[in-house]
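Colleague: I am new to this structure. Can we go through it piece by piece?

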Amino acid sequence: MSSRRNFIKKTGLAGAALTAMPSFGFHIMRKPRGKEVILGHGDYQYKLIKDWAKMSAIETPLLNCHEMQMDSKGRLVMIGDHPKNNVIIFDKSGNVIDSWGTAYPGGHGLTISDEGGEEFLFLADSGWFLNKQGGWTKHNGRISKTTMDGRVVFDIGHPITIGIYKPGESFCPTETAIGPNGDIYVADGYGMSRIIQYDYNGRYIRHWGGSDNPDKNYQIMSAHGVAIDYREKGNPMVVVTSRNQASFKWFTLDGKYIKTLHLPNMQVCRPVFDDTNLYAGVCWSQPEVGKTDWTQPTGFVTILEGDKVVSNPGATAPIYVNGELQKSYQLTDRPISHGHDVCVDNDKNLYICQWRADKTPPLKLERI
């Protein structure tokens with residue numbers, strides 16, 4: 001824990017703040033320190049570093065930064081959707097140390113899988129790509145398992161080829177998660193909003209969910225993200241984003257429904273787990289006045305301890321009334337445009353990939 005946070009905890013200031021603020025802790029909505037911008041609340045406060053990434057718009061041009069994970073070497077591996085480079089690899093200082101890939105113009109999801117000490121990437125091409133006329137074109141996507149330098153191991157294509165999708169049903173995957181036995185969970189977030197489970201070798205096992213599912217527990221509206229929750233010892237669970245319902249849904253590894261966590265006014269993306277915390281980018285939210293406009297920046301980041309929101313970098317503090325989470329709102333100066341993914345490094349700093357952020361690289365939120 002930083003000396004600053006130790007100081008706060010050891011002074012009467014912390015006690016006074018606790019009496020004035022909601023019961024979940026000491027909160028600062030946004031606190032300027034000279035030229036510094038501090039975002040977040042309670043024990044989860046961060047210095048915003050906009051110019052963390054040191055990159056050339058000519059050598060490594062960007063459209064949207066979609067997702068990022070850290071590998072075992074401490075490198076930050078990001079996927080985007082620019083036709084000249086789909087994967088960009090940074091060191092923690094923000095230097096570009098590698099980039100590759102032109103085969104994933106709809107690059108969207110990136111998951112690192114450790115298989116006996118060797119790491120592989122699972123890449124999701126959502127099917128949406130920028131055409132030569134500058135417009136967005138939708139086609140069907142795919143999943144690729146690759147080595148860390150981009151050599152393809154195998155692809156998972158349209159489920160119609162194995163009889164589990166009907167003609168005309170689109171497959172536009174946005175995310176993967178790898179289970180404890182190597183099973184591959186694919187979130188068809190921009191297609192039918194189903195979760196499709198494959199074995200280690202990419203052979204179909206089962207699927208569930210879907211935006212057309214009549215069972216509300218299994219209905220998923222924009223299955224944008226999927227991850228494995230290992231926080232309960234001996235009981236790993238599949239967590240699925242139902243973004244249009246502002247919710248995460250938990251399932252067993254074989255697809256049985258467990259619970260739903262609703263996060264009012266947060267159209268969340270992939271769930272990211274680190275220790276006991278859940279982090280997520282919020283791509284859209286409703287402004288305090290007016291309606292949500294998907295073209296406008298209304299995003300931020302949310303952080304949970306267990307199932308409780310404790311900090312919202314880029315937004316107002318989380319407030320609970322009679323145990324119910326109230327709506328949080330993006331700060332008026334919009335420090336985060338559209339929170340699309342969160343990567344947590346081993347120093348608990350955050351890297352925020354943003355969608356529709358004027359071709360800017362990821363932001364860094366330095367833990368204080």
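Modeller: Gladly. Keep in mind that this is a predicted model. Let us start with a hairpin.

Colleague: How many bridges join S12 to S13?

Modeller: S13 covers residues 152–156. The two strands run antiparallel. One bridge pair is Lys145 with Phe154 in S13. The number of bridges joining S12 to S13 is four.

Colleague: Which residue in that hairpin takes a positive phi?

Modeller: Four residues lie between S12 and S13. One of them has a phi near 100 degrees. That residue is Gly150.

Colleague: Which residue of S12 does Phe120 stand opposite?

Modeller: Strand S9, residues 118–125, also pairs with S12. The sense is antiparallel, over six bridges. Opposite Phe120 in S12 stands Thr147.

Colleague: Is S12 largely enclosed or largely open, and why?

Modeller: S12 spans residues 142–147. Buried means under 20% relative accessible area. Five of its six residues are buried, so the rest of the structure leaves S12 largely enclosed.

Colleague: Now the sheet of four strands. Which strands stand at its edges?

Modeller: The sheet is open, with the order S4-S5-S6-S7 and antiparallel pairing. Two strands have a single partner each, so one side of each is left without a neighbour in the sheet. These edge strands are S4 (65–70) and S7 (96–100).

Colleague: What is the bridge partner of Met70 in S5?

Modeller: S5 takes in residues 76–82. Five bridges join S4 to S5, and the two run antiparallel. The partner of Met70 in S5 is Leu76.

Colleague: Gly94 caught my eye. Is Gly94 buried or exposed?

Modeller: Gly94 sits in the loop between S6 (85–90) and S7. Gly94 touches Trp52, Ala53 and Lys54, leaving aside residues up to four places away in sequence. Its relative accessibility is 0%, so Gly94 counts as buried.

Colleague: What distance separates the C-alpha atoms of Gly94 and Met55?

Modeller: Along the chain, Gly94 and Met55 are 39 residues apart. In space, their C-alpha atoms are separated by 8.1 Å.

Colleague: On to the largest nonpolar core. Which strand gives the most to this core?

Modeller: This core has 18 residues. Tyr279, Ile303, Leu350 and Ile352 have the most contacts inside it. Strands that each supply at least two residues include S2 (36–41), S25 (300–305) and S30 (350–354). The one that gives the most, with three residues, is S3.

Colleague: How many residues does the second core have?

Modeller: The second core is separate. Phe248, Leu261, Met266 and Phe300 are among its members. Its residue count is 16.

Colleague: Which residue takes a positive phi in the hairpin of S20 and S21?

Modeller: S20 (residues 247–251) and S21 (residues 257–262) run antiparallel, joined by five bridges. Phe251 has Tyr257 in S21 as its bridge partner. Five residues lie between the strands, and one takes a phi near 90 degrees. That one is Gly255.

Colleague: Last, the largest pocket. How many residues line it?

Modeller: About 700 Å³ of space lies in this pocket. S4, S8 (107–115) and S23 (272–274) are among the strands that each supply at least two lining residues. Gln69, Thr111, Ile112, Val272 and Phe273 lie nearest the centre. The number of residues lining the pocket is 28.

Methods
Residues numbered from 1 in each chain as written. Predicted model: local features only at pLDDT ≥ 70, side-chain atom pairs only at ≥ 80, totals over all residues. Heavy atoms only, no water. Buried < 20%, exposed > 50% of the residue type's maximum accessible area, 1.4 Å probe, protein only. Pairing = 2+ DSSP bridges. Core = buried A, V, L, I, M, F, W, Y, C linked by side-chain atoms within 4.5 Å. 1 Å grid on protein atoms, 1.4 Å probe; cavity = no way out; pocket = protein on both sides within 12 Å on 5 of 7 lines; lining within 4 Å. Points joined across faces, edges and corners; volume = space filled by probe spheres on them. Contact = heavy atoms within 4.5 Å.
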